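User: I am new to this structure and would like a close look at a single part of it, with the rest brought in around that part. Please take your time and explain the terms as you go.

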Amino acid sequence: MKKLSSPRQWFVALSFTACFSLVLTVAPNGSFGQEESGPERPATEDLLPETTVGFFQIDNMRDFISKLSDTSVGRMATDDSIAPLVEGMWSEAKTAYADIEEEVGLSLDDLTSLPAGEFTFAVIAPRRQDPEYMLILQTDAESEAVDRVLERGRELIREDGKEIEVQESEDGFEFESFMADGKKVKFFRRNGLLVACTSEVELTAFVDRWMGRPVEKVRPLSENRKFVTIMNRCFGTKDLKPEARFFMDPIAAARSATRGNAGAQFVINFLPVLGLDGLLGVGGSLLMNEDEFATVAHAHVLLAEPRTGVFEMLAFKPTDYKPEAWLPFDISNYFTTSWDVDQMIVELTKIIETFQGEGSVEGWFKDIDEELEFDVREEILGGLTGRVTWAQWMEPPMRVNSQVNLFALELKDPVEFEATLDKIIARANRDEIEKGTAENELPLIAVDYQGIRLIGPPEELAQNRFDERRERRRQRLEEGVLESIEVDLKPPTPTIALVGNYLILSPQ
């Protein structure tokens, strides 16, 4: 059994336990008790400091898990053909957890009952200091599971020769703190709300904001312009608010995490060459069961102006974002966007030649053109409008790999591009044709399906390769290298097709 050797490791283990419990709540037969209303307090972004560079929040864990079970992923886990695999994974988790159960002081079933409401994990980067971490977890006001895991933590702290200080503030907060790696870790539990932080200063400021007292020189996260700008674009509707939100200031986080590391700081200071210093923040939100959608995700990237380097290369442009007519009705995920392909090539060339020297990109294209025997920039890149679509759906019957991915590239002239596809097929088959390989064994063939050319490996060849992989797995099972979990899989059938004015690619 592995020993948690320091108080700091215990804090990390506590954070991991809270995160792990989120995953395990979708375990078979997992359930929650009645929702416990949390203590009245300001919103979390009003309590965290503006120097927060990482923020992940689930508004209500129990509600989140309940809604998750209604999504396609949740329903798939209970499908008769998938359930045995889920049960097997759950059994494996129980077996692995048994090694540390005594150390944590909490059974795996008890672990799933820990979160009752809000779950927030924040990374704080105080000015000119190393990053600090804060965990906010709403539990039931009376929870024996939480009592046991905290008491086990106290035992480990004492076994490590550390003293635990207990203080009660005038506001009625009972703080517990201990030293870890030269820093004071502090936490409190109030009406079921557990808040722990690796910084005594940050936790004290958290409570001061809660009680309405000003914190000098540091405003709350809700006044951080980057955070506000992104979150204002991630609201739900008037009647619904997001179940989950995240925010990150990657450059500030990297600078804080690499303080004292000269090599890492050199890399960070080199970011302006690539234009990556213009990445001010990323964030998003997730809504579940909104109208006809199982999940709706909002994601936003905040960039400085003017854009340079990488972000100038990914120059998005407006287009018609109406879903394409050939998409199936039962898709589970859909994404579409458009960018300026010509500008992408120009800016990418500038970035590469900054490091590889002038003319290097031209040399690469020349080598590729000679190998493929046609002009890639003219016949492929030059034939794209810039619109790209990605879609997912589940192909019946339900199996572990029933999820299908589809990628679509809009074309300027599909008739002209069909000639390019013929060149690609010819080049892919050239070596095999020279060997005298039969047509039904060539790497790529074209077949007609209701007037649409489907390009891919022959079905028999794809099935043979699939059978070979299954046979190798069977042999490894007999040798004891793998443990057997019987699952139903469908052979992959990668396919390319021209549908309307789109080039369709599906790796499944």
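User: Which residue is the bridge partner of Gln57 in β2?

Analyst: The bridge partner of Gln57 in β2 is Thr120. Before going further, please note that this is a predicted model, in which local features need pLDDT of at least 70 and side-chain atom pairs count only at pLDDT 80 or more, while totals for chains, interfaces and linings use all residues. Residues are numbered from 1 along each chain as its sequence is written, and side-chain values use heavy atoms, with hydrogens and water left out.

Helices (H or I, at least four residues) and strands (E, at least two) are DSSP runs, numbered from the N terminus, and two strands pair if DSSP finds at least two bridges between them. Strand β2 covers residues 119-124, and five of its six residues are buried (under 20% relative accessible area, with exposed meaning over 50% and partly exposed in between, for a 1.4 Å probe and protein chains only), so β2 is largely enclosed by the rest of the structure. On one hand, β1 and β2 run antiparallel and are joined by six bridges; on the other, β2 pairs with strand β3 (residues 132-138), again in the antiparallel sense and over six bridges. Thr120, the partner of Gln57, also stands opposite Ile136 in β3.

Strand β1 (residues 52-58) leads on to the aromatic residues, since it holds Phe55. Rings of Phe, Tyr and Trp (its six-membered ring) pair if their centres lie within 6.5 Å, and planes under 30 degrees apart count as stacked, over 60 as edge-to-face and the rest as tilted. By this rule the count comes to 11 aromatic pairs. In one of them, the rings of Phe55 and Phe227 have centres 5.6 Å apart and planes at 85°, so the pair is edge-to-face. Because Phe55 lies in β1 and Phe227 in helix α10 (residues 225-231), this pair ties together parts that are 172 residues apart in sequence, and both residues are buried.

Another pair is formed by Phe173 and Trp210, whose ring centres are 5.1 Å apart and whose planes stand at 75°, so this pair too is edge-to-face. Phe173 sits in the loop between β4 (165-168) and β5 (174-180), whereas Trp210 belongs to helix α9 (residues 200-210), and the pair thereby links parts of the chain that are 37 residues apart. Phe173 and Trp210 are both buried, and ring pairs link them with Phe175, Phe188 and Phe206 into a cluster. A charge sits over a ring if NZ of Lys or CZ of Arg is within 6 Å of the ring centre and within 35 degrees of the ring normal. Arg190 lies over the face of Phe173, at 4.1 Å from the ring centre, and its charged end also sits over the ring of Trp210, 5.8 Å from the centre.

Asn191 lies in the loop between β6 (183-190) and β7 (193-197). Most residues other than glycine have a negative phi, yet Asn191, which is not a glycine, has a positive phi of about 50°; with a relative accessible area of 49%, Asn191 is partly exposed. Glu373, in the loop between α16 (360-372) and α17 (376-379), likewise has a positive phi, of about 70°, although it is not a glycine, and at 53% relative accessibility Glu373 counts as exposed.

Elsewhere, seven strands form an open sheet in the order β11-β12-β13-β17-β16-β15-β14, with antiparallel pairing. Its edge strands are β11 (333-338) and β14 (445-449), each of which pairs on one side only. Strand β11 pairs with β12 (residues 384-394) in the antiparallel sense over six bridges, and the bridge partner of Ser338 in β12 is Arg387.

For the wider setting, the protein chain has 19 helices and 17 strands, and buried residues make up 39% of its 508 residues. Taking contact to mean heavy atoms within 4.5 Å, 63% of the contacts between residues at least 6 apart in sequence join residues at least 24 apart.
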